[in-house]
Amino acid sequence: MCGIFGCILRHGNAAPLIHAALKRLEYRGYDSVGEATITDGKINIKKDQGKIDEVHAKLNLDDLPGNIGVGHTRWATHGAPLQVNAHPHVDCTGQLAVIHNGIIENFSELKGELETRGHVFKSRTDTEVIPHLIEDYLKSNPSMSFEDAVHEAVKRLVGSYSIAVLNAREPEKIVCARNESPLVIGVNQDAVYFASDIPAFLPLTNRVIIVDDGEILTLSLKGVDIKKIADLKPVQREPKIIDWTPEMAVKKGYPHFMIKEIHEQPESLRNALRAQEHYVDLMSTFLDRAREVFLVACGTSYHACLAASYMFSKLAFLATYPVFASEFVEQHGKSVNIESTILAVSQSGETADTLASVNAARQRAATVLGLTNVIGSTLTRVARVYIGQQSGPEIGVAATKTFTAQLSVLAHIALRLAKKRGKVSQDEMDYISERLSKLPDIVETVIQTQEEKVKQIAKKYKDAKAFFFLGRGISTATAYEGRLKLMEIAYAPAIAFPAGESKHGPISLVESGFPVIFICAKDETHRTLIGNIMEMKARGASIIAVVEEGDEEIKVLADDYVEVPKGIPEVLSPIPYAVPLQMLAYYVSVERGYNPDMPRNLAKSVTVK
Ligand code: AGP
């Protein structure tokens, strides 16, 4: 998830506008930045690693000549946040410059092909294949137009992308294309703009053309020419007027980043499912060989580890130990050794307790693996193998989209390990893989069909003094996560525990109207869980249940319920079942008049022990 912007101006230089627009897109990525403009038949580029202000202080991003240009602020997925991997990327001649937001899944295959044809690559990015592909088409077909060469190149790309291409030989146009990554066009009488998000050009124009998936565009001061990539059929589309304030625009019209990020989960799940097979394979090989595996993390990431321990056990018959990172050294510091493997999970990659555990383990020669959302973070530098979950920046302090993305990557690894170990039938693996690939759509359905219902439940229970979150099996992890969300942003005392534990103490807190939230995935624990619901009802508790669609058995027992679509394999259930709990926490927080994005006493990344 990067920020892209570009423009063609009738008057003045493009660079200062590009710089200012990238600042408005900085929430999309901020580990490196770059700009390119065209003058006198050549491409001028300034790019470096670091935040926009840091790079501007070093290179002066306003000082590039030319009325046409593009800019990019990066959220690294392929290649560390270094100057060489910053965008724009150019071809061998330096006459073509490309910026890109998204993930090219078949980049290494294309790169291999282009290298055999003599192309020289400078970066470790997936993006750099694009300018070389366009160059290759232009070189092998001198009569081919710039637009056609971009079209041919785009047809070879597999994955998500919104791209913009500058050609020094054609300084009056920019060619863009979109597949799954956002792209919008802004127009006014003296300029045409493109961007990954409306905030970028909203202070300049509110006349917006939305670009659909599978479209290629040529922008010039004469207008915006849109065609379908599939058959180059022309598309007519009139600009819409957007009446947003810039602040509203950054949140895409949502009142808070948290609810925006909850709604971004289908997209972040699609990106997470694009984790590079090579690294998923490598990681599952290390786990397969390990004598013991510790899953180490804090907070929400720890809950992902807890869920993963069920996935690894049920799919690959691998016992793993989920450990709170702040307790790892005390609990296992002495026993961890060269045959131990640590899988450290951290969205920021900078959490001090998690890094301290990793360092302690490394000192005892253990193998360290990492799962993080921040390429270039400390965890990526100390891990033997790491996977970037590609959720894009998460601004809200409460982790939401990064949690479900972590779970989907961990499920991917567990499935790969299951395949290696042949512990489950091919049919079952195919079924779970197929369901995993459908999760982005399933989560989309949960959000669209249940949000209003969750709002009503939040309104009903907003003044409750305390809450229980209960689940059995892997849903215990979902319960813990639901509890943490409600506590951290609504400041509501909440307790979570495996439902089977209730009668060993906690049930003494229950009195009439006490809200108990049950996570009721339709799995082997379903029958026993009904018994736990009855226990709580017998003490007057108010039952709020997250159930599978059409689960009448539990719906009749519940005072309130939300439904998740059918056919979710048990090991994947925390992903869709966590979403209503995220929304519940958000709406209780709002009902209580708090700012869900900036909860008191908390920080997005806890870099102190
Ligand atoms: C979750 O909403 C919190 N922000 C917090 O518990 C967080 O999960 C924890 O600090 C771990 O952060 P990490 O994933 O960046 O390591």
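Student: Let's start with helix H3. Which of its residues are buried?

Tutor: A general idea helps here: an α-helix has 3.6 residues a turn, so residues three or four places apart point the same way. Now to the case at hand, bearing in mind that this is a predicted model. Helix H3 spans residues 107-116, and its buried residues are Phe-107, Leu-110, Lys-111 and Leu-114. Viewed down the axis of H3, these buried residues fall within an arc of 100°, so they line one face of the helix. On the other side of H3, Glu-109 and Thr-116 are exposed.

Student: What covers the buried residues of H3?

Tutor: The cover includes strand E6 (96-104), helix H4 (129-140) and helix H5 (146-156). While you are there, look just after H3, where Gly-118 takes a positive phi of about 95°.

Student: You mentioned H4 and H5. At what angle do their axes cross?

Tutor: The two axes cross at roughly 125° and come within 8 Å. H4 and H5 are therefore oblique to each other, and H4 passes H5 in a right-handed crossing.

Student: Which residues make that contact?

Tutor: From H4 come Leu-133, Ile-134, Tyr-137 and Leu-138. H5 contributes Phe-146, Ala-149, Val-150, Glu-152, Ala-153 and Arg-156. Sorted by class, the contact of H4 with H5 has eight nonpolar residues, two charged ones and no polar ones.

Student: Let me try another helix. In H11, which residues are buried?

Tutor: Apply the reasoning you used for H3. Helix H11 covers residues 325-332, and Ala-325, Phe-328 and His-332 are buried there. Down the axis of H11, the buried residues fall within an arc of 35°, so they line one face of the helix. Among the elements that cover them are strand E16 (292-297), strand E17 (320-324), strand E18 (340-346) and helix H12 (352-363).

Student: Now backbone angles. Where does phi take a positive value in a residue other than glycine?

Tutor: Keep the general rule in mind: most residues other than glycine have a negative phi, and most peptide bonds are trans. One case to look at is Asp-40, with phi near 45°. Asp-40 is found in the loop between strand E2 (32-39) and strand E3 (42-49). Another case is Gln-390, whose phi is near 60°. Gln-390 lies in the loop between strand E20 (385-388) and helix H14 (401-421).

Student: Is Asp-40 buried or exposed, and is Gln-390 buried or exposed?

Tutor: Asp-40 has 79% relative accessibility, so Asp-40 counts as exposed. Gln-390 has 5% relative accessibility, so Gln-390 counts as buried.

Student: And which residues does a cis peptide bond join?

Tutor: Look at His-87 and Pro-88, which are joined by a cis peptide bond with omega of about 5°. Pro-88 lies in the loop between strand E4 (68-74) and strand E5 (89-90).

Student: One last residue: Cys-7. Where is Cys-7 found, and what is Cys-7 in contact with?

Tutor: Cys-7 is found in strand E1, residues 3-9. Its relative accessibility is 1%, so Cys-7 counts as buried. Leaving aside neighbours within four places in sequence, Cys-7 is in contact with Ala-14, Ile-18, Asn-67, Ile-68, Gly-69, Ile-174, Val-192, Tyr-193 and Phe-194.

Student: How many residues apart in sequence are Cys-7 and Gly-370?

Tutor: Cys-7 and Gly-370 are 363 residues apart in sequence, and in space they are 39 Å apart, C-alpha to C-alpha.

How values were computed
Residues numbered from 1 in each chain as written. Predicted model: local features only at pLDDT ≥ 70, side-chain atom pairs only at ≥ 80, totals over all residues. Heavy atoms only, no water. Buried < 20%, exposed > 50% of the residue type's maximum accessible area, 1.4 Å probe, protein only. Helix = DSSP H or I, 4+ residues; strand = E, 2+ residues; numbered from the N terminus. Arc of directions from axis to C-beta. Contact = heavy atoms within 4.5 Å. Axes fitted to C-alpha atoms, helices over the stretch in contact; angles between N-to-C directions. Parallel < 35°, antiparallel > 145°, perpendicular 65-115°, else oblique. Left-handed = near helix turned anticlockwise from the far one by under 90°. Nonpolar A, V, L, I, M, F, W, Y, C, P; charged D, E, K, R; others polar.
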